[in-house]
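Biologist: Please take one part of this model and look at it closely. I would like to see how a pair of helices packs, and then what lies further along the chain.

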Amino acid sequence: MDFDFSDDQNTLRESARRFLTDRCPRDAVRRILEGVAPFDRELWRGVADMGWTGITIPEEHGGLGLGHLDLCVIAEEMGRVLAPVPFASTVYLFAEALMLAGSAAQRAKFLPRIAAGDLIGCLGLAEGAQAPSPRNIEARVEGGALTGTKTAVTDGDIADAAIVVARSGAERGPRGLGLYLVDLTGPGVTRTTIKTIDPTRSHAQISFDGAPAELLGAAGDGWALVEKLFDRAAVLFAFEQVGGAQVCLEMAKDYALSRYAFGRQIGSFQAIKHKLADMYVAVELARSNAYYGAWALSTDAAELPVAAAGARIAATDAQWLASKENIQVHGGMGYTWETDCHLHYRRAKHLGLALGSNRRWKDALISRLEAANAAA
């Protein structure tokens, strides 16, 4: 079993790093953080022109027709620069859902626009502070009209279309739910931008009042599709998180080697060495789990549910630890607005909750391992 990337994928990584280093320096991230623009439109156009929005979309729909390993490479580089674009919402979630469950007509309608960078997509799942579950989804579709409210929808204020989880029958369990395609520029949709800890990724509350909705996949398969979609997205998010965590480690190391106190590099003090060592171990553990997840995703292996949960948990822990300890290594200036440490801290908090908390994923990992052991 070979977990390494191919020469072509390493070349893709080098090309992506050069492009993003040039087009997305920290100043560009700060412009979105401190300004009124919801995302970097110029960078988004550049990403689309590079073909990355259509990297896994089949060539017949205008994409590059490459595999998920190639997308993992791009995801890690996106995470390194904290790219302020709706890439994850559109590519990891909206496009993946279409390729997972969309009809031929739905794919033909939406995938070419995604590949061209002409459509931004998002996923509407949560309806409040509580963790989404099959029993607390209240949004409802009757006669093809959607009513309900989704909140803290990442990129919901800038998206052209959404995939919304809603119920269509009286049953409150998983079989009562479905996925629905909704045109966010159409009638019956009201959007309100909301503030979160990471202003470099915009969020919205979206209210639907009889908005036209089109079923994606089969009726009653909604929650099963959400779990499949989250397993696939978890691997891609994990690579973004590994990329962000790695940069935090590099920032902390560079500062520890350049900052002197009491006539010595602060990196020579045992307390700083321990922090750097802990960050390194966490990042490498997360990278190993992400590689396992990438293999399972790219081969559609039966191990994907377990591998995805492992990748998600390790990557969330690593980015959270690295972003927090990077601030500590930078000392008193670490938490100030002027340093870039808080940019990574904010993104770590956002990505750590984007697919549900680590508690949800740990529960999932345990139940999946128990099921696998029982079946063995």
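Modeller: Start with H4 and H5. H4 passes H5 in a left-handed crossing. This is a predicted model, so read each value as computed from it. Helix H4 covers residues 68-81, and helix H5 covers residues 87-101. Their axes lie 11 Å apart, and the packing angle is about 155°. Angles over 145 degrees count as roughly antiparallel. That is why H4 is called roughly antiparallel to H5.

Now look at the side of each helix that takes part. H4 brings His68, Leu71, Ile74, Ala75 and Met78 to the contact. H5 brings Phe87, Val91, Tyr92 and Glu96. Sort these residues of the H4 and H5 contact by class: 7 are nonpolar, 1 is polar and 1 is charged.

Next, place this pair in the chain. An unreviewed UniProt entry puts the feature "domain: Acyl-CoA dehydrogenase/oxidase N-terminal" at residues 6-118. That span is 67% helix and 0% strand. The C-alpha atoms at its two ends are 30 Å apart.

Move on to the second annotated span. The unreviewed UniProt entry places "domain: Acyl-CoA dehydrogenase/oxidase C-terminal" at residues 220-358. Here helix makes up 78% and strand 3%. The end C-alpha atoms of residues 220-358 lie 27 Å apart.

Another helix pair is found here, H7 and H9. Helix H7 runs over residues 222-258, and helix H9 over 304-329. The axes of H7 and H9 come within 8 Å and cross at roughly 25°. Angles under 35 degrees count as roughly parallel. H7 and H9 are therefore roughly parallel to each other. Their crossing is left-handed. By class, the contact of H7 with H9 holds 19 nonpolar, 6 polar and 3 charged residues.

Finish with one residue, Trp337. Find Trp337 in the loop between helix H9 and helix H10, which spans 341-354. Is Trp337 buried, exposed or partly exposed? The relative accessible area of Trp337 is 40%. Buried would mean under 20%, and exposed would mean over 50%. Trp337 is partly exposed because its value falls in between.

What does Trp337 touch, leaving aside its neighbours within four places in sequence? Trp337 is in contact with Arg30, Leu33 and Glu34. The list also includes His342 and Arg346.

Terms used: Residues numbered from 1 in each chain as written. Predicted model: local features only at pLDDT ≥ 70, side-chain atom pairs only at ≥ 80, totals over all residues. Heavy atoms only, no water. UniProt positions renumbered as here; feature names shortened; annotations may be inferred. Helix = DSSP H or I, 4+ residues; strand = E, 2+ residues; numbered from the N terminus. Axes fitted to C-alpha atoms, helices over the stretch in contact; angles between N-to-C directions. Parallel < 35°, antiparallel > 145°, perpendicular 65-115°, else oblique. Left-handed = near helix turned anticlockwise from the far one by under 90°. Contact = heavy atoms within 4.5 Å. Nonpolar A, V, L, I, M, F, W, Y, C, P; charged D, E, K, R; others polar. Buried < 20%, exposed > 50% of the residue type's maximum accessible area, 1.4 Å probe, protein only.
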